[in-house]
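Visitor: Could you walk me through this one and justify the labels you use as we go?

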Amino acid sequence: MTAKLFDVRHRLRAGVCALLAVMAAIMLTAMADSTAQPLPESAPAREFSAGRALRHLERFATEPRPLGSPAGDRARDYLAGRLREAGLRVEIQRATGARASTGLATFGQVENVVATLPGTDPTGTVLVAAHYDSAAMGPGVSDDGAAVASMLETVRALRTGAGLRNDLVLLITDGEEDGVLGAEAFVREHPLARRGGVLLNWEARGVSGPSLLFETSRDNAGLVGVYAGAAPRPRGDSTMAALYRLLPNNTDFTPLTQAGFAGLNFAYIQRSSRYHTADDSLAHLDRGSLQHHGETMLALARALGGADLPGLRAGHDATYFRLFGVLITYPDPLVWPLALLAVAAVAALALLARARGLLSGPGVAVAAATAVVPLLLAVVLAQGLWEVLVSVRPGYDLMGGLLHRPSAFRAAVAAQVVFALLVWYLPLRRRLGPAALAVGALVWPAALGVLCAQVAPGASFVFALPALCCGLGGLAALTARGTAWRVAALAAGPVMAAALLPALAGNVFDGMGLALGGASALVLALFGLTALPVAELLLPEPAGRSRQQREPARRLGPALPLVAAALSVTLAGAGLWTDRFDGANPARTHLAYVMDADTRTARWVSADADPPAWTRRYVSGRDTATLPPGYARGALTTGPAPAVAAAGPRLTVLARDGDRVTLRVSAGPGARSVTLRVERPVTEATARVAGSAPVTVAVTGVRAGTWPGEVRFRGIPARGARITLRVPGADRVRVTAIGETDGLRAVPGFVPRPPELVAATREDGDLVAVTRTYTL
């Protein structure tokens, strides 16, 4: 049995109409995901104004503000001053933040700004959080200056009306970029953290796009309900929140919710090629993103500020998503019924089609089993495209897949997905039949809906609803009378899929880039599986009685995949032509200066696989033998450099107790941070700074590509710190101390980068690193 689900007169016309409906769904969804129109400084006092918030950014976000830098101090003072002027009670929390990761302990002397606006009759605390430090490579206007400026403008707007019922606390953290150190210190030491409450955290991973609700605490139904009712332009969906919980990424939201806060986390993520670079600047900030960030913050602060906060507690999550501009929410208990209903709808469609002689059971089984081929092929092709792009343009590798002009490459991935679907579908449509392939393909979204219901319930809808609508639409198409009704019913499922799956693929592209383009390709391939009945209407008959009827289908078999492949290659070539590096869209390059203070030997160092011409002024070979012991991490290119006048870091052994050694560590005059590379694995580290409580972290695993143990202290005081290391099984161990100073201008002969280059995001870039090696 090789029949279609149904046949109609004027198949091509019907197929074009169905295709237009699917395309319209994609376009409407994209249009509904816009940002807000920025309001000028003259906007009404009760409203949030991006123009007014921008004035704050011009005051504190024009230079990099890494932890412990003078620019960070200036930003802290500005923010605290504006909040005091607004009538809030402001304190500066000074503490030592700490974080452990594989083989690494990170400490930092943080200075959080904590401002309180007492409520009139509080039922709890609303905590609004963002961080004022930036990556060392750029001014961090979006990450996270825009959120901090939005906090100041939000407070101004709130003060124009009646007081809030609940206490409002603004937490502007320090040291987020070095491992959420400020939030960790707040949770560990500040009394407000022990009170708990509702958290609103604000971030950015790009310089444009709508402010997305991308993460929530568990049992979020009450908070999602407030968001749906209060936010003027709600964006984001529970797929992002469900998948984010499975990833190792974290922001300040992570330690704060682990401490007991219930909360929502927001970020905009488009044009992410500027993320953590010098181009995260005022010139590149999308004012609409700033407006959307701020108006959402203000609306939620007002709504939660007047709410009965204990009454928002829920025992379950909510699924939430936008459908043609409308935010849909429903409680977690409906996730499993909808997922199982989707499976039932697909099964019912298979049974009805079999009863009508349109397919066979074995045919559907083979179709479902082989449908994994286009899914896997799409992933392989997309990842292969990235490898080709990196080989042609090595500068892409340092960008992590986050390209300046990715549209042509994304279209190339879509063409690869079409190719993958065609090379599977066209040969089998003559053997198994279009009906078996269309029904068998629906097994995958239906199965993924069930899988997500188990492991990531908030993401189940994005697969279950398309499968459900496709199943029900197919049943309606088989039983309806009249061509128009049958085509409309058949297109209902692909239209639902078009409203959900391409948008998800776009968010994955924005957040993860082309380096993980296979993830977006997989989502697009699933969308393609749901659209097979629409595609079938546009294809000639798979078989016919006469040779004249069979010939078009026979010629089409190889032609369409070749067209898709050629289109993909053409689009990739167009992407390479249009996405060239220039002053407006710079490439990244890594460069650092390293001097061994013991030998006065200095080297330039770059981690670039293929250094550009400017970087090759400084590095020319792969000789790392002259670098200080333990400094090298990964493959490096080096070159000779002049010595600078720098005292370098100092270690003094204060005590030794078994496998624990206590050191007095200083970074050296003018140095902002110190890193200790240890020849043996470190299992525990403790930092003590005068005026702050000591902090101990356990360390597991070893560092890759360098000495196995590492301890960092960002923003170390000039008088130094006491650091205790536990290094099991070592009577003697070498430690290389690296004092780090931001910027390379102090090095004789240094010539700044040309406009078409910016510093790469590797944490040891653009540093003057002066080292000393000790045997303990």
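Below, a visitor asks for the reasoning and a guide gives it.

Guide: One thing up front: this is a predicted model.

Visitor: Fine. What makes the protein as compact as a globular protein of that length?

Guide: The radius of gyration is 29 Å, and the globule rule gives 28 Å for 776 residues. Those values are close, so the protein counts as being as compact as a globular protein of that length. The C-alpha atoms fill a box of roughly 90 × 65 × 55 Å along the principal axes. In there you'll find 22 helices and 23 strands.

Visitor: How many of the residues are buried?

Guide: Buried residues make up 58% of the 776. As for the accessible surface, it comes to about 29500 Å², with 59% of that belonging to carbon and sulfur atoms.

Visitor: And which share of the contacts links residues 24 or more positions apart?

Guide: Taking the contacts with a separation of 6 or more, 81% are between residues 24 or more positions apart.

Visitor: Let's get to a single residue. Why is Glu295 called buried?

Guide: The cut-off is under 20% relative accessible area. Glu295 has 12%, so it is buried. Glu295 is found in helix H10, residues 287-305. Setting aside residues up to four places away in sequence, Glu295 touches Ala36, Phe48, Pro232 and Arg233.

Visitor: What makes strand E6 mostly covered?

Guide: Just count: 5 of its 5 residues, 212-216, are buried.

Visitor: How do you know which strand E6 pairs with, and in what sense?

Guide: Pairing takes at least two bridges. E6 and strand E7, residues 262-268, have 4 bridges, in the antiparallel sense. Within that pair, Leu212 stands opposite Ala267 of E7.

Visitor: What is in the largest nonpolar core?

Guide: That core has 85 residues, and among those with the most contacts inside it are Trp386, Tyr396 and Leu514. Helix H14, residues 407-431, gives the most to this core, with 11 residues.

Visitor: Which residues is Trp386 in contact with, leaving aside neighbours within four places in sequence?

Guide: Tyr396, Gly400, Gly401, Leu403, Leu514 and Ala515. Apart from that core lies another, of 63 residues, including Tyr78, Ala147, Leu312 and Tyr320.

Visitor: Is there a general pattern behind cores like these?

Guide: In soluble globular proteins, nonpolar side chains tend to be buried together.

Technical notes. Residues are numbered from 1 along each chain as its sequence is written. This is a predicted model: local features need pLDDT of at least 70, side-chain atom pairs count only at pLDDT 80 or more; totals for chains, interfaces and linings use all residues. Side-chain values use heavy atoms; hydrogens and water are left out. Buried means under 20% relative accessible area, exposed over 50%, partly exposed in between (1.4 Å probe, protein chains only). Helices (H or I, at least four residues) and strands (E, at least two) are DSSP runs, numbered from the N terminus. Contact means heavy atoms within 4.5 Å. A nonpolar core is a set of buried Ala, Val, Leu, Ile, Met, Phe, Trp, Tyr and Cys residues joined through side-chain atoms within 4.5 Å. The radius of gyration is taken over C-alpha atoms; the globule rule is 2.2 Å times the number of residues to the power 0.38. Accessible areas come from the Shrake-Rupley method with a 1.4 Å probe; for residues, only the protein chains shown count as cover.
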